[in-house]
Amino acid sequence: QPQARPSRRAAAKAEAARGRANRDDDDDEDADEDDDGDEDEAGEEEETQGEADAAEEEWWGGDWTDDMMIACRFVVRKLMRHRCSSCFLEPVDPVALGLDDYLTVITTPMDLGTVESKIDGNSYATPKELREDVRLVFSNAQRYNPDGDDVHKNAGVMRAAFEEAWREERQKAKVVADKARAREAHRGRGRGRGRGRGRGRGGAAAP
């Protein structure tokens with residue numbers, strides 16, 4: 001027997017279903033492309049951040065310059081004027097404060113006053129040593145004082161203030177250094193052109 005032909009309504013339904021399936025496939029492809037784009041952007045951001053971190057560590061581990069010394073001294077003194085700094089300006093006195101176990105828990109005490117004295121006495125071989133001492137001030141406070149304690153909270157505020165202040169000074173120092181290098185390169189090109197113009201036909205310098 002000949003098969004019955006599908007009705008127009010059934011054919012229309014089938015066509016609509018195929019259209020929806022095609023649209024779903026297109027949406028899936030678009031989503032996959034978006035995911036690939038997001039992954040590429042994330043990879044680029046991670047690479048850029050990695051390069052910035054590497055440059056930061058290289059700077060911290062380098063030799064002292066006048067600009068770096070000025071920046072470090074400025075940042076430390078700015079911290080010492082911070083509203084939450086009162087607990088971190090001088091060495092902790094375990095006897096006066098009745099902290100019998102302090103030197104057992106905190107094996108390397110540090111405070112901002114000591115950091116400032118070490119800067120003035122040129123005791124830091126690299127800026128990185130200074131950075132680690134400043135961070136030590138606040139990590140000691142958070143290690144000894146429990147979470148929720150005012151000293152613990154103030155140490156977190158101070159650590160964040162230090163990192164932010166240092167990023168700002170680091171960026172300023174980079175701008176100054178870049179400008180100095182650009183001026184030196186410009187002067188070098190100028191001297192080269194001057195030497196070229198100052199030679200006569202025989203190659204000897206003109207009087």
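Me: Why is Gln142 called partly exposed?

Reply: In this predicted model, Gln142 has a relative accessible area of 31%. Buried requires under 20% and exposed requires over 50%, so a value of 31% puts Gln142 in the partly exposed class.

Me: Where does Gln142 lie, and which residues does Gln142 touch beyond its sequence neighbours?

Reply: Gln142 is a residue of helix H6. With residues up to four places away in sequence left out, Gln142 touches His152, Ala155 and Gly156. The C-alpha atoms of Gln142 and Asn154 are 9.0 Å apart, and these two residues are twelve apart along the chain.

Me: What makes Asn145 buried?

Reply: The relative accessible area of Asn145 is 18%. The cut-off for buried is under 20%, so Asn145 meets it.

Me: Where is Asn145 found, and what does its side chain reach?

Reply: Asn145 sits in the loop between helix H6 (127–144) and helix H7 (150–197). Its side chain reaches the backbone oxygen of Ala141 at 2.9 Å. A polar contact needs a pair of N or O atoms within 3.5 Å, and the 2.9 Å found for Asn145 and Ala141 satisfies that distance limit. Leaving aside neighbours within four places in sequence, Asn145 is also in contact with Val151 and His152.

Me: How do you know how H2 is oriented relative to H5, parallel or antiparallel?

Reply: The axes of helix H2 (residues 66–80) and helix H5 (residues 112–120) cross at roughly 160° and come within 10 Å. Angles over 145 degrees count as roughly antiparallel, which means that H2 is roughly antiparallel to H5. The crossing of H2 past H5 is left-handed.

Me: Which residues of H2 and H5 meet?

Reply: From H2 come Met69, Cys72, Arg73, Val76, Arg77, Leu79 and Met80, and from H5 come Leu112, Gly113, Val115, Glu116, Ile119 and Asp120. By class, this contact of H2 with H5 has eight nonpolar, one polar and four charged residues. Gly counts as polar, so Gly113 belongs to the polar class.

Me: Why are H5 and H6 called roughly antiparallel?

Reply: Their packing angle is about 170°, with the axes 9 Å apart. The cut-off is over 145 degrees, and H5 and H6 are therefore roughly antiparallel to each other. The crossing of H5 and H6 is right-handed.

Me: Which residues make up the contact of H5 with H6?

Reply: Leu112, Val115, Lys118 and Ile119 in H5 meet Leu130, Asp133, Val134, Val137 and Phe138 in H6. These divide into seven nonpolar, no polar and two charged residues. Lys and Asp count as charged, so Lys118 and Asp133 are the charged pair.

Me: What makes H2 roughly parallel to H6?

Reply: The axes of H2 and H6 cross at roughly 10° and come within 11 Å. An angle under 35 degrees counts as roughly parallel, and that makes H2 roughly parallel to H6. In this pair Met68, Cys72, Val76 and Leu79 in H2 meet Pro127, Leu130 and Val134 in H6. The contact comprises seven nonpolar, no polar and no charged residues.

Me: How many helices and strands does the protein have, and what share of its residues counts as buried?

Reply: There are seven helices and zero strands, in the order α-α-α-α-α-α-α from the N terminus on. Of the 207 residues, 22% count as buried. Among contacts between residues at least 6 apart in sequence, 70% join residues at least 24 apart.

Conventions: Residues are numbered from 1 along each chain as its sequence is written. This is a predicted model: local features need pLDDT of at least 70, side-chain atom pairs count only at pLDDT 80 or more; totals for chains, interfaces and linings use all residues. Side-chain values use heavy atoms; hydrogens and water are left out. Helices (H or I, at least four residues) and strands (E, at least two) are DSSP runs, numbered from the N terminus. Buried means under 20% relative accessible area, exposed over 50%, partly exposed in between (1.4 Å probe, protein chains only). A polar contact is a pair of N or O atoms within 3.5 Å; within protein, one must be able to donate a hydrogen and the other to accept it, and residues adjacent in sequence count only if both atoms are side-chain atoms. Contact means heavy atoms within 4.5 Å. Axes are lines fitted to C-alpha atoms, for helices over the stretch in contact, and angles run from 0 to 180 degrees between N-to-C directions. Angles under 35 degrees count as roughly parallel, over 145 as roughly antiparallel, 65 to 115 as roughly perpendicular and the rest as oblique. A crossing is left-handed if the near helix is turned anticlockwise from the far one by less than a right angle, and right-handed if clockwise.
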